Amino acid sequence: MYDEAENITFGKGMTKMTRTATLILDGKKYELPVHEGAEGEIGIDITQLRAMSGVIAYDPGYANTGSCKSAITFIDGEKGILRYRGIPIEQFIDYPNFIEAAWLLIFGRLPQKPELRRFSELLTVHAPLHEAMKHHFEGFPVNAPPMAILSAMINTLSCFDEHLARFEDDEKFEVAAAKLISKVRTIAAYSYRRSMGQPFIYPDPKLRYCANFLHMMFSMPYDQYVIDPEVEDALNLLFILHADHEQNCSTSTVRMVGSSRANLFASCAAGVCALWGPLHGGANVAVIEMLDQIHKGGLKPEECIKLAKDKNSGFKLMGFGHRIYKNFDPRARVIKSQCDKVLYKLGIHDPLLDIARKLEELALKDPYFAERKLYPNVDFYSGIIMRAIGIPLDMFTVMFAIGRLPGWVAQWKEQHDDDTMRIARPRQIYIGERKTDYTPIINR
Ligand code: SDX
């Protein structure tokens, strides 16, 4: 729509009463609608920008770009706020029930007792893998990276349940979600058992979600792993704290893949691959490797800080910094507080925790980190708790994936249910060769 009097171009379907932002380019004015979120966030709508002006916005890494509207998770990075469907994550400390939090994220409210019971029953019933899937583990080298196995086996799940590739209603979706959330645990445990040369341990239908995972990881056919309620609570809380984080790299990957109408399993398998990166979910492994290197005397904490500040070192203080949190990461605060509690109850003293605290103290006093607003993130202390529980280092990112899966499912469903959703297809600024001609090889 074009307003002659003010020589302004309006986007399609815009009314003059819409709150707008004005873009002025080469003397021409363009009015762009403005969206306001539930917590007052403002987003300038550029969906019509190219149609109106012929130009695009440019934002590598999408640090300033909203890809969607979502009602699942709210983060205020300046205030260190993280809420799942409006509930601050700190409130889950006293109610560490990962499956309840998963249902909340996926279906938008806390479940009633019958709903939670049904979902728990679905998780129990669907914990085992198809017997034929067990042979797939033999196809991987014994030292195969567990994240590679996890991604491959999540995709394979849909081969054994063809209707999982599509679901006509919420009930079928709930079954698919339960199958995925339940079996990811079994896949993770089996990949660990295979790497140890130990027999697979079947899921025990009498055990709750986290207890069953620990059972499949650490029981032997002749020796049932004894579930410590403190450990079970700590694992529930750890998974809850990882469960969703709005449009992070791996969740955006799940949405990107799902936007082509790829099925839930293929989309989550892609999310596993994105999470694997050391700048993302792989950081929890890198943090422990860094702390262990210091512990073994290979590096002093002060040297760590110095290297992290030296651009030429290629070294980063792993577990520090965040795209969104420019204050503390509330998850890091909760996990740090749980470290003392879990280690004390397990009678463990982990020298890496002391080193982590020393590093945090040095960094937070250093202008380099203060100026860049770099604080501990979710990965900085999470490995300490996983070590205390007995999770092996190469399974740490798998644990992150198990925790994040309900968030991926929730985000995928929210996009899938949105009739206005379009396939994700960003544009680019081309910087390559201008038009040139083909040169036959005889002339090259
Ligand atoms: C997760 O997005 C999410 O929500 C992710 C996550 C989730 O729940 O899904 O929260 C999970 O991935 C947590 C992050 C785990 N990754 C790490 O701990 C790896 C170390 N951190 C960095 O690589 C970095 O901080 C990122 C990747 C987390 C954020 O990267 P950004 O937003 O692109 O920031 P940047 O790299 O542009 O850094 C800005 C400045 C740079 O210095 P200058 O060029 O301005 O001088 O800060 C510096 C960076 O060099 N910097 C660091 C640093 N992190 C940023 N310097 C040293 N050590 C670090 N860790």
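In the predicted model, V226 lies in the loop that connects α7 (209–218) with α8 (229–241). With a relative accessible area of 69%, V226 is exposed, because this value is over the 50% cut-off. Its C-alpha atom is separated by 8.0 Å from that of H215, although the two residues are eleven apart along the chain.

Two further loop residues were examined for their backbone geometry. Most residues other than glycine have a negative phi. Y62, by contrast, shows a positive phi, near 55 degrees, and is not a glycine. Y62 is placed in the loop between α1 (49–53) and β6 (73–76). E246 likewise has a positive phi, of about 45 degrees, without being a glycine. The loop that holds E246 runs between α8 and α9 (249–258). E246 counts as partly exposed, because its relative accessibility of 22% falls between the limits of 20% for buried and 50% for exposed residues.

Helix α5 comprises residues 146–157, twelve in number. From its first C-alpha to its last, α5 reaches 16 Å, close to the 16 Å expected at 1.5 Å a residue. Nine of the twelve residues of α5 are buried, and the helix is therefore largely enclosed by the rest of the structure. The buried residues are P146, M147, I149, L150, S151, M153, I154, T156 and L157. Their packing partners are the helices α4 (131–138), α6 (170–196), α10 (264–275) and α17 (396–416). In an α-helix, residues three or four places apart point the same way, because there are 3.6 residues a turn.

M147 illustrates the surroundings of α5, the helix in which it is placed. Its relative accessible area is 3%, so M147 is buried. Apart from residues up to four places away in sequence, M147 touches V272, L275, W276, T397, V398 and A401. Of these, V272 and L275 fall within the residue range 264–275 of α10, and T397, V398 and A401 within the range 396–416 of α17. The C-alpha atoms of M147 and C273 are 7.2 Å apart, while 126 residues separate the pair in sequence.

Beyond the end of α5, S158 occupies a place in the loop between α5 and α6. S158 is also buried, since its relative accessible area of 14% is under the 20% cut-off. When neighbours within four places in sequence are left aside, S158 is in contact with N263 and F265.

The ligand is surrounded by 23 residues, the closest of which are H245, H322, R323, R331 and R404. By residue class, this shell divides into nine nonpolar, seven polar and seven charged residues. Pairs of N or O atoms link the ligand to K311, F320 and Y368. For K311, an N or O atom of the side chain is 3.1 Å from an oxygen atom of the ligand. For F320, the backbone is involved, with an N or O atom that lies 2.9 Å from a ligand nitrogen atom. For Y368, an N or O atom in the side chain is 2.9 Å from a nitrogen atom of the ligand. The ligand exposes 1,000 Å² when taken alone, and the protein buries 76% of that area.

Methods. Residues are numbered from 1 along each chain as its sequence is written. This is a predicted model: local features need pLDDT of at least 70, side-chain atom pairs count only at pLDDT 80 or more; totals for chains, interfaces and linings use all residues. Side-chain values use heavy atoms; hydrogens and water are left out. A residue is near a molecule or strand if one of its heavy atoms lies within 4 Å of it. A polar contact is a pair of N or O atoms within 3.5 Å; within protein, one must be able to donate a hydrogen and the other to accept it, and residues adjacent in sequence count only if both atoms are side-chain atoms. Accessible areas come from the Shrake-Rupley method with a 1.4 Å probe; for residues, only the protein chains shown count as cover. Ala, Val, Leu, Ile, Met, Phe, Trp, Tyr, Cys and Pro count as nonpolar, Asp, Glu, Lys and Arg as charged, and the others, Gly among them, as polar. Helices (H or I, at least four residues) and strands (E, at least two) are DSSP runs, numbered from the N terminus. The expected span of a helix is 1.5 Å times one less than its number of residues. Buried means under 20% relative accessible area, exposed over 50%, partly exposed in between (1.4 Å probe, protein chains only). Contact means heavy atoms within 4.5 Å.
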